[in-house]
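Open the model in your viewer and keep the selection tool ready. This tour goes stop by stop.

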Amino acid sequence: MLMKRLVRALDLVLAEPAYNWFLHAAPVRSPELPHYHWHFEVIPRTARPAGLEWGTGCFINSVAPETAAEQLRKAIM
């Protein structure tokens, strides 16, 4: 239910972007990671990487995280 609400909010705020989903899980047979938790990561694709991103591996956010969080909170309600 939470993932459905998240995707709906992304669709509303970003005009139905393409996005990638990742499931992060601990490596198999890893007792040395007792506190690792699996989680999903959702990355909306709103722009294409350019020279700086390709050359450095650092990506530029065109919207401040606080602004993005506020817009998503409003869309989820």
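**Stop one: a charged pair**

Select E70 and K74: they form a salt bridge, with their closest N and O atoms 3.2 Å apart. A salt bridge here is a side-chain nitrogen of Lys or Arg within 4 Å of a carboxyl oxygen of Asp or Glu. Side chains of opposite charge can pair when their charged atoms come close. A search of the whole structure finds one salt bridge.

This is a predicted model, where local features need pLDDT of at least 70 and side-chain atom pairs count only at pLDDT 80 or more, while totals for chains, interfaces and linings use all residues. Residues are numbered from 1 along each chain as its sequence is written, and side-chain values use heavy atoms, with hydrogens and water left out.

Now show helix α3. E70 and K74 both lie in it, four residues apart, about one turn of the helix. Helices (H or I, at least four residues) and strands (E, at least two) are DSSP runs, numbered from the N terminus. E70 is partly exposed, at 40% relative accessible area. K74 counts as exposed, at 60%. Buried means under 20%, exposed over 50%, and partly exposed in between (1.4 Å probe, protein chains only).

**Stop two: the largest pocket**

Select P44, T46, I60, N61 and S62. The largest pocket has a volume of about 770 Å³, and of the 22 residues that line it, these five are the closest to its centre. A pocket is an open set of points on a 1 Å grid over the protein atoms alone, where a 1.4 Å probe fits, with protein on both sides within 12 Å along at least five of seven lines; lining residues have an atom within 4 Å of a point. The volume is the space filled by probe spheres set on the points, which are joined across faces, edges and corners.

Add α1 (2–14), β2 (39–45) and α3 (65–76): each supplies at least two residues of the lining. By type, the lining has 15 nonpolar, four polar and three charged residues. Ala, Val, Leu, Ile, Met, Phe, Trp, Tyr, Cys and Pro count as nonpolar, Asp, Glu, Lys and Arg as charged, and the others, Gly among them, as polar.

**Stop three: the loop between α1 and β1**

Select A15, which lies in this loop. A15 has a positive phi of about 60°, although it is not a glycine. A15 is exposed, at 62% relative accessibility. Move to E16, found in the loop between α1 and β1. Phi of E16 is also positive, near 55°.
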